[in-house]
Structure formats: structure tokens, C-alpha cells
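Here are a few friendly notes to read with the model open beside you. I have grouped them by region so that you can follow along on screen.

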Amino acid sequence: MEPKFCIFLLFSSMPSEMLLKIFSYLDAVSLLSVGCVNKRFYDLANDNGIWLKLYSSSLQPKWTIWKMSSKQTETVSLGCAALHDEKPGYWKKEYIFKQTSVFKSRIMRLVKLLDPYTGLPCKNKEAMKVSGLSWIIVLKDRNGKEHIIEKPNLSFKDTSVTILWYGAVWPCLDILSTIKLFGVTPLLPDQSRPPSKNRPRRFSLIAEYQLANLNESSVTVGADELVQLFSLNPGLLIGIWKEKNEIAFVMASLHYNQLLERSILGSATVQYAPPANKPLLDDIDPEYGLHDYSLHLDLHGRSCRYLCGTFKGLFCRKGDIENGYLRLTVVSLKDNRKHLPIIGTLGICWETDVFKGSDCFMMDLTLLDETGKPFWCFSAPVHMELSSKASGLFDYMGHIYTADYADSEGKVCVEFVRLEETKEYIIVSLVLYVSTIKVNSWYGTNY
């Protein structure tokens with residue numbers, strides 16, 4: 001008989017009073033872990049006396065910002081009375097709630113300072129490091145079994161983070177039904193210990209995707225001899241081995257706007273819902289639809305950047321509103337002074353250069369309103385296609401390519417010219433179409 005099993009039998013045979021005494025010397029994380037052993041240990045590890053002691057010891061003068069009510073303070077000081085009045089596990093829940101609330105407040109304070117160009121938090125990376133935040137995907141098959149895929153590779157950009165999962169062992173695609181993307185943080189953060197999947201963790205659902213009939217529910221955005229790429233909204237890219245019809249890799253692109261909130265403040269079953277915008281009174285010329293908007297645009301692969309720029313003073317008039325969209329022209333086909341050259345060859349690299357998704361790239365878009373507040377943001381894979389339209393440009397000799405993106409909040413239409421001599425791309429047109437439904441809900445108006 002193994003020594004570990006003998007020790008377990010010894011502990012299991014102990015009287016409850018003796019086990020409670022032993023458990024009273026454990027810290028909160030160890031206590032939570034012990035509660036996972038069996039039903040008896042779970043009940044004992046929920047003891048209000050142990051958790052009230054932990055809760056009371058965590059109360060420090062610097063935490064008076066919690067403004068505990070006199071009733072709650074009274075309950076803590078009553079000691080024995082508090083133990084009998086509350087159900088088992090009450091003070092365990094109170095302790096966890098207080099610790100996680102303090103943790104979330106500390107993280108949110110880190111992201112209050114905003115970048116004047118992007119309108120996004122300056123300390124996103126620092127906040128993610130402090131929080132111990134990581135991301136996982138959970139693949140669920142049709143029988144309800146879940147497969148957790150961890151240890152992704154991360155790539156940070158100005159306004160997004162790209163997360164890549166790959167490996168040799170994946171469940172068969174034919175039996176999979178859904179894929180879920182979660183933000184994961186320690187349930188009780190401890191800066192002295194590195195994050196571990198063996199410690200209690202908190203899951204926050206970011207997005208859920210349907211994998212049944214992948215060819216019908218997704219958009220094909222690239223391929224080579226071995227792998228075919230499929231795009232699922234919002235911001236998920238799946239590589240499928242052509243011959244085996246199995247997953248080769250999964251790549252998620254998450255925009256910094258509300259990234260921490262969605263990765264921390266949601267639950268394991270419900271996604272985080274941001275608060276409604278509170279519009280400012282606007283006395284600008286009523287003939288304007290939108291005005292003084294700013295755009296920050298980043299086009300990149302996983303580890304390389306093709307274009308990064310900020311465009312200010314964007315506007316549209318009433319005449320630019322049609323078919324349920326407000327048009328914002330960023331780069332005009334007629335104004336060659338604002339045409340934008342692309343650096344490098346467009347494509348999305350996998351872990352090695354064996355695969356390179358031709359004419360497919362990641363687009364990070366951050367549209368700020370007239371107050372500098374993020375209005376429409378996304379990070380998503382975009383596919384570039386050869387246009388059937390004949391080129392009417394006299395300044396460039398080459399074929400026209402288009403790259404379009406659309407979601408519930410708007411559309412992006414980009415036109416490129418590929419210079420035949422140098423094999424370079426130039427953006428000759430960039431137009432945003434913002435949904436009137438989005439604008440009306442943002443401002444409380446009716447366009």
C-alpha cells in the first residue's frame with residue numbers, strides 16, 4: 001500500500017474535532033483545496049469558526065474604505081453568536097467575496113490612466129501581470145465532455161493581445177460542438193505564489209462559439225497546402241488540418257477595450273456586460289451626424305506589424321447617413337496624399353513558417369467619440385480578396401484588392417493596390433460604416 005494512501009486513511013479515520021483543529025492552522029487556499037478531497041472534508045472545511053477567524057484577521061485599518069455597516073461589524077465581534085446564527089459556509093463566502101472585491105478594485109485602479117492616442121488604459125500589461133490573468137479554451141463534445149486547453153503563447157500589440165494554442169493532441173473535430181474562451185484568475189490571489197492550475201481559480205466567460213457545421217457557420221479566410229483557416233466572430237481563428245479534418249491551432253485576438261473587465265468580472269456562465277454610455281450634451285451644428293471622431297488602426301500578423309496609425313477629425317454629415325449606416329471616410333480614393341503604404345508581406349504566421357496564411361491579417365480598430373471615449377472597438381482576422389473592379393488609378397499600376405469586416409456595430413471597407421514592380425501594397429481607400437442602431441443607443445438619439 002502506498003504511503004500517501006496510508007496517510008489519507010489515517011486522516012479519514014480521525015474524529016471530526018481533531019480534523020477541525022488541524023484545519024484551523026491552514027490558510028484559505030489550503031482550506032479550499034482540502035474541501036475538494038471528499039464530502040466529509042468539504043463539510044468540515046466549511047466550518048464557520050475557522051473562516052470567521054480568517055475573515056477577522058484580514059480586517060486592517062487601511063481597509064476601512066469598505067465602510068462595513070454597524071450590523072456587520074457587530075456580527076464579527078460577537079464571535080460565538082455569529083457562528084450559530086449563520087449557515088455553514090457563510091463566512092467562507094464572505095471571506096472570498098471580500099478578498100476578490102479588494103483584488104478587483106486594485107486591478108481597476110491600475111487601468112484608470114488612459115493613453116491619449118488610443119483612449120485605452122496605459123497599464124494593461126501591468127494589470128494583467130498583477131492579476132495573474134491567463135486565458136484558456138474549453139472544447140465541449142456532443143456527449144458533454146469538456147477538454148481544457150491551456151498554456152497559450154501570447155503576443156501583445158498597442159491595442160490587443162493575440163493568444164495562440166497549438167499542440168499535437170486535440171479532440172476529433174467531428175465530435176466537437178462548442179468552444180468557449182475564458183479568462184482565468186486565482187480565486188484568492190497571492191503575490192508570493194505563482195499562478196497554478198492546481199490552486200482554486202475563477203473562470204470568466206469571454207465568448208462561446210459553435211463548432212457544429214464549421215464550414216457553414218464561419219468564414220474561410222486563408223489556406224495553404226496543409227491548413228485551412230476559419231474565422232468565427234468575435235476574433236477567433238481556427239486552423240484545420242485539411243487531410244485529417246482535425247484542429248491544428250486556435251488563435252484568439254482580444255481588444256484591450258474592456259479586456260480586463262470581460263476576463264475578470266464575468267462568471268463561468270454569463271459574459272460581462274459593460275454599463276450603458278452616458279452621453280454629454282452636444283450643441284454642434286445639427287447637420288453633422290458624427291464629428292471629431294478619432295481612429296487608431298493596427299494591421300498585423302501574430303508577431304509582425306504592417307500598419308499602425310491614428311486618424312483624427314473624422315466626421316459625417318446628415319447626407320452621409322443611408323441604409324442604416326453613418327459613413328466615416330478615413331482614406332479617400334481621390335486624395336493620394338493620404339494613401340498608406342503597407343510594410344512587409346501580409347499574412348498570419350503559425351508557430352513556425354511552415355504555415356503562412358496568404359492575404360490574411362489581423363485588424364485592430366479603435367474608434368473614439370468626440371470626448372475620446374472608445375466607441376467601437378474590435379480585433380479580428382480579415383481576409384483580402386482580388387477585386388473584379390477595374391483599376392481607375394493613374395498613379396499606381398496594379399490590381400485592386402479588398403478587405404471587408406462587419407459585425408453588429410458596423411462595417412469596415414478597405415481597398416489596396418498591389419504594385420506589380422515592388423510587390424508592395426498601398427491602402428487607397430478606407431471607409432467605416434457605423435450602425436445607426438449603435439449610434440442611437442450610444443447618444444440616445446434617433447438617426
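**Notes on the predicted model**

1. Let's begin with the pocket. In this predicted model, the largest pocket has a volume of about 1400 Å³. Its lining is made up of 48 residues, and those closest to the centre of the pocket are N257, Q258, P274, P374 and C377.

2. Which elements give two or more residues to that lining? They are the strands β6 (201-210), β10 (246-255), β19 (374-386) and β20 (398-407), together with the helices α11 (259-264) and α12 (436-443). The most comes from β19, which gives seven residues. By residue type, the lining of the largest pocket holds 25 nonpolar, 14 polar and nine charged residues.

3. Next, please look at the open sheet of four strands. Its order is β2-β1-β5-β6, and the pairing is antiparallel. Why is one side of β2 and one side of β6 left without a neighbour in the sheet? Both β2 (146-149) and β6 stand at the edges and have a single partner strand each, so on one side there is no neighbouring strand. From one strand to the next, the twist averages 25°.

4. Within this sheet, the pairing of β1 with β5 is worth tracing. Strand β1 (residues 134-141) runs antiparallel to strand β5 (residues 176-186), and eight bridges join them. If you want one bridge to find on screen, take S134, whose partner in β5 is V184.

5. Now for the aromatic residues. Twelve aromatic pairs turn up in a search of the whole structure. One of them is F361 with F416, an edge-to-face pair with 6.2 Å from centre to centre and 75° between the planes. F361 belongs to strand β18 (residues 360-368) and F416 to strand β21 (residues 410-419), so the pair ties together parts that lie 55 residues apart in sequence.

6. Are F361 and F416 buried or exposed? Both are buried. They also belong to one aromatic cluster, in which F361 and F416 are joined by Y401 and Y425.

7. A last point concerns N48, which is placed in helix α5 (residues 48-57). With a relative accessibility of 6%, N48 counts as buried, because the cut-off for buried is under 20%. How far apart are the C-alpha atoms of N48 and W91? They are separated by 5.6 Å, although N48 and W91 are 43 residues apart along the chain.

Note on methods: Residues numbered from 1 in each chain as written. Predicted model: local features only at pLDDT ≥ 70, side-chain atom pairs only at ≥ 80, totals over all residues. Heavy atoms only, no water. 1 Å grid on protein atoms, 1.4 Å probe; cavity = no way out; pocket = protein on both sides within 12 Å on 5 of 7 lines; lining within 4 Å. Points joined across faces, edges and corners; volume = space filled by probe spheres on them. Nonpolar A, V, L, I, M, F, W, Y, C, P; charged D, E, K, R; others polar. Pairing = 2+ DSSP bridges. Axes fitted to C-alpha atoms, helices over the stretch in contact; angles between N-to-C directions. Phe/Tyr/Trp six-rings, centres within 6.5 Å; stacked < 30°, edge-to-face > 60°. Buried < 20%, exposed > 50% of the residue type's maximum accessible area, 1.4 Å probe, protein only.
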